[in-house]
Amino acid sequence: MTLSHDVLIVGGGGAGLRAAIAVAEDDARLSVAIVSKVYPMRSHTVSAEGGAAAVIRPDDSLDEHAYDTISGGDWLCAQDAVEVFVKEAPGELLRLEHWGCPWSREPDGRVAVRPFGGMKKMRTWYAADRTGFHLLHTLFQTALQYERIARYDEWYVMKLLVDDGRVVGVVAVELMSGRIEAITAKAVILCTGGCGQIYPFTTNAAIKTGDGLGLAYRAGAPLKDMEFVQYHPTGLPFTGILVTEAARAEGGWLINKDGYRYLQDYDLGTPSPKPVLRSMELGPRDRLSQAFVKEIEKGRTLDTPYGPVVHLDLRHLGETVIDARLPFVRELCRSYENIDPVHELIPVRPVVHYMMGGVHTDIHGATPLEGLFAAGEAACVSINGANRLGSNSLPELLVFGARAGRAAASFASGAQGGTAVRPAVQAQVEDERRRLERDLFHRDGKEPISAIREEMRATMEEGAGIYRSGDSLAKAADRLSVLQERFRSARLEDRSRTFNTELLAALELSFMLDVAEIIVHCALLREESRGAHQRVDFPARDDHRFLANSLVHRDADGSQRVEYPPVTITRWPPGERVYGR
Ligand SMILES: Cc1cc2nc3c(=O)[nH]c(=O)nc-3n(C[C@H](O)[C@H](O)[C@H](O)COP(=O)(O)OP(=O)(O)OC[C@H]3O[C@@H](n4cnc5c(N)ncnc54)[C@H](O)[C@@H]3O)c2cc1C
């Protein structure tokens, strides 16, 4: 029996659930399914803390939100997409309220908003510091109301099925049994999230391994702007757990080992030469992470067993504010660092947080590969350009999740033919079964995959971290190709079929190695510094050569080919980046 649906969504996080609801609302005749490698509520969206940006106050405007996003993205954003995004974001957040999301309130009953890095007006809606939890819960309980939305929880998608240049479904393994099945569909939407796990220190959950990027790329869809990797300036050392930007929005300070608010010594892109003390901790994430590296060079950080750190100081906010606005931060610090931020300093360091790049889509979530759509962090529309502003990602996954859902629904309604599997497609499924049996279940290789994974992570941090150079990137590229080779002869010890987590880790590592190579390759070719991509050998932004997105294609021989289509500019010609409130 073949499993078959009209629209198949890979990913049960915020983007996937929003897309599924959009399909179900759009056309009652369509069957829609969500495949997710974890139970939907365990998707990374659940851990978003700080909030979701959308214009709501009378002193704010859509143009200002658009401008902040575009200048924050160092002019690499597709401006038509940003205009759509800021316009539709308020409606999406209100819809969520109607579906039950408990947005925090002002005493007079209005929706509360907080300041956020790079946003010149207060427009970040929040539900205490558990925004992602409430958002995902709201979407999940709404999706549950539609019986038509089928779910394959704890199924792992290994491959996209392509027939004659068109995506016609996926091959997936059911983790509980190890059985491998084709699930066919007229349209597939990738909502698989980011891939912070290719770096050693990350806020990203262990499941964020870039599978969707690898799936799309291998199937022939191009990836966009992959060299732009966002570091968040305040992760807990060792675990990488995020201390939300909301902690600084509420008035937290970053101080070095001398107790000095060091950000005042750096150009954060503010109009005045010296940033205003009040707002400097809310400078853009890329500039704050870069300032940290400079503090290391000046010997003004503290050494710990997990590398150098600075401190985040919340003590002056007092217990009442911390408990009301940042309860989760207090809980995390107590549980994972054994410190109480009401009385103690929090050690922090920059950690990888978000991928600006992703599967190239248009403003409807469609990729150039027929039948394939993408939304959320896995996609690159692009509204984030070279550096995402905090709190833009949650509204992005709502706006473009809904758009991708509607576009996929209309594509599936108009698609010719049924979802019967043609022999050529059946052959791909059999190939995949054989590959798993041969390569993975019966592998007596030399070394465990964990060793290769650790080396990949160290390679990325050293070669393609906060600062990069032609030299560091070239070395990283060499090391990664050796790691690819070693991966092919790695060893799998677990031969069982029931919840074989080692097999899962191997499949994930194979995607991560591909994505890591792509990031390094694109970073090597972009000979300029822009947003999160800082080249020490090319320190200036070069609009003449690189006011362009990078699009990386996989050629027939497996090599990477990069093109540079110009950035879509509608109303905001490139200027200096300006921050501060
Ligand atoms: C700690 C943290 C805090 C954050 N805070 C904020 C914030 O305050 N505001 C903000 O705007 N943004 C924030 N972000 C960013 C934002 O949360 C994410 O970008 C966003 O939630 C991603 O949602 P998504 O739906 O695209 O992917 P995810 O929520 O990551 O979901 C991915 C889904 O894909 C599935 N999947 C992946 N691969 C496969 C596969 N091979 N087969 C089957 N299923 C698969 C997973 O099971 C999962 O369901 C934060 C991120 C982190 C890590």
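How far apart are the end C-alpha atoms of helix α13, and what span should its 19 residues have at 1.5 Å a residue? The legends below, which describe a predicted model, begin with this helix.

**View 1. Helix α13 (residues 470–488) and its buried face.** At 1.5 Å a residue, the 19 residues of α13 should span 27 Å, and its end C-alpha atoms are indeed 27 Å apart, so the two values agree. The buried residues of the helix are G470, S472, L473, A476, L480, L483, Q484 and F487. Around the axis they cover an arc of only 150 degrees, which places them on the same side of α13. The other side of α13 carries the exposed residues D471, K475 and D478. An α-helix has 3.6 residues a turn, so residues three or four places apart point the same way.

**View 2. Helix α12 (residues 449–463), with buried residues along one face.** For the 15 residues of α12, a rise of 1.5 Å a residue gives an expected span of 21 Å; the end C-alpha atoms are 21 Å apart, in agreement with that value. I449, I452, R453, M456, R457, T459, M460 and G463 are the buried residues of this helix. When α12 is seen down its axis, these buried residues fall within an arc of 160 degrees and therefore line one face of the helix.

**View 3. The ligand and its surrounding shell.** There are 39 residues around the ligand, of which S36, S43, H44, T45 and E377 come nearest. By residue class, the shell divides into 13 nonpolar, 20 polar and six charged residues. At least two shell residues are supplied by each of α1 (14–26), β2 (32–36), β7 (155–163), β15 (346–355) and α10 (393–414).

**View 4. Polar atoms close to the ligand, at A15, E49 and E377.** The backbone contributes at two of these positions: a polar backbone atom of A15 is 2.9 Å from a ligand oxygen atom, and a polar backbone atom of E49 is 3.4 Å from a ligand nitrogen atom. At E377 the side chain is involved, with one of its polar atoms 2.6 Å from an oxygen atom of the ligand. Taken alone, the ligand exposes 1000 Å², and the protein buries 99% of that area.

**View 5. Two buried residues, E227 and A246.** E227 lies in the loop between β10 (223–224) and β11 (229–235). Its relative accessibility is 0%, so E227 counts as buried. The side chains of E227 and S550 are joined by a polar contact of 2.9 Å. A246 belongs to helix α6 (residues 246–249) and is likewise buried, with a relative accessible area of 0%. Between A246 and A427 the separation is 181 residues in sequence and 51 Å in space, C-alpha to C-alpha.

**View 6. Backbone geometry in three loops, at S382, D74 and N338.** V381 and S382 are joined by a cis peptide bond, with omega about 10 degrees; S382 is in the loop between β18 (379–380) and α10. D74, although not a glycine, has a positive phi of about 55 degrees and is located in the loop between α2 (62–72) and α3 (79–98). N338, also a residue other than glycine, has a positive phi near 55 degrees and occupies the loop between α9 (327–337) and β15. D74 is buried, with a relative accessible area of 5%, whereas N338 counts as exposed at 68% relative accessibility.

Methods
Residues are numbered from 1 along each chain as its sequence is written. This is a predicted model: local features need pLDDT of at least 70, side-chain atom pairs count only at pLDDT 80 or more; totals for chains, interfaces and linings use all residues. Side-chain values use heavy atoms; hydrogens and water are left out. A residue is near a molecule or strand if one of its heavy atoms lies within 4 Å of it. A polar contact is a pair of N or O atoms within 3.5 Å; within protein, one must be able to donate a hydrogen and the other to accept it, and residues adjacent in sequence count only if both atoms are side-chain atoms. Accessible areas come from the Shrake-Rupley method with a 1.4 Å probe; for residues, only the protein chains shown count as cover. Helices (H or I, at least four residues) and strands (E, at least two) are DSSP runs, numbered from the N terminus. Ala, Val, Leu, Ile, Met, Phe, Trp, Tyr, Cys and Pro count as nonpolar, Asp, Glu, Lys and Arg as charged, and the others, Gly among them, as polar. The expected span of a helix is 1.5 Å times one less than its number of residues. Buried means under 20% relative accessible area, exposed over 50%, partly exposed in between (1.4 Å probe, protein chains only). The arc is that of the directions from the helix axis to the C-beta atoms.
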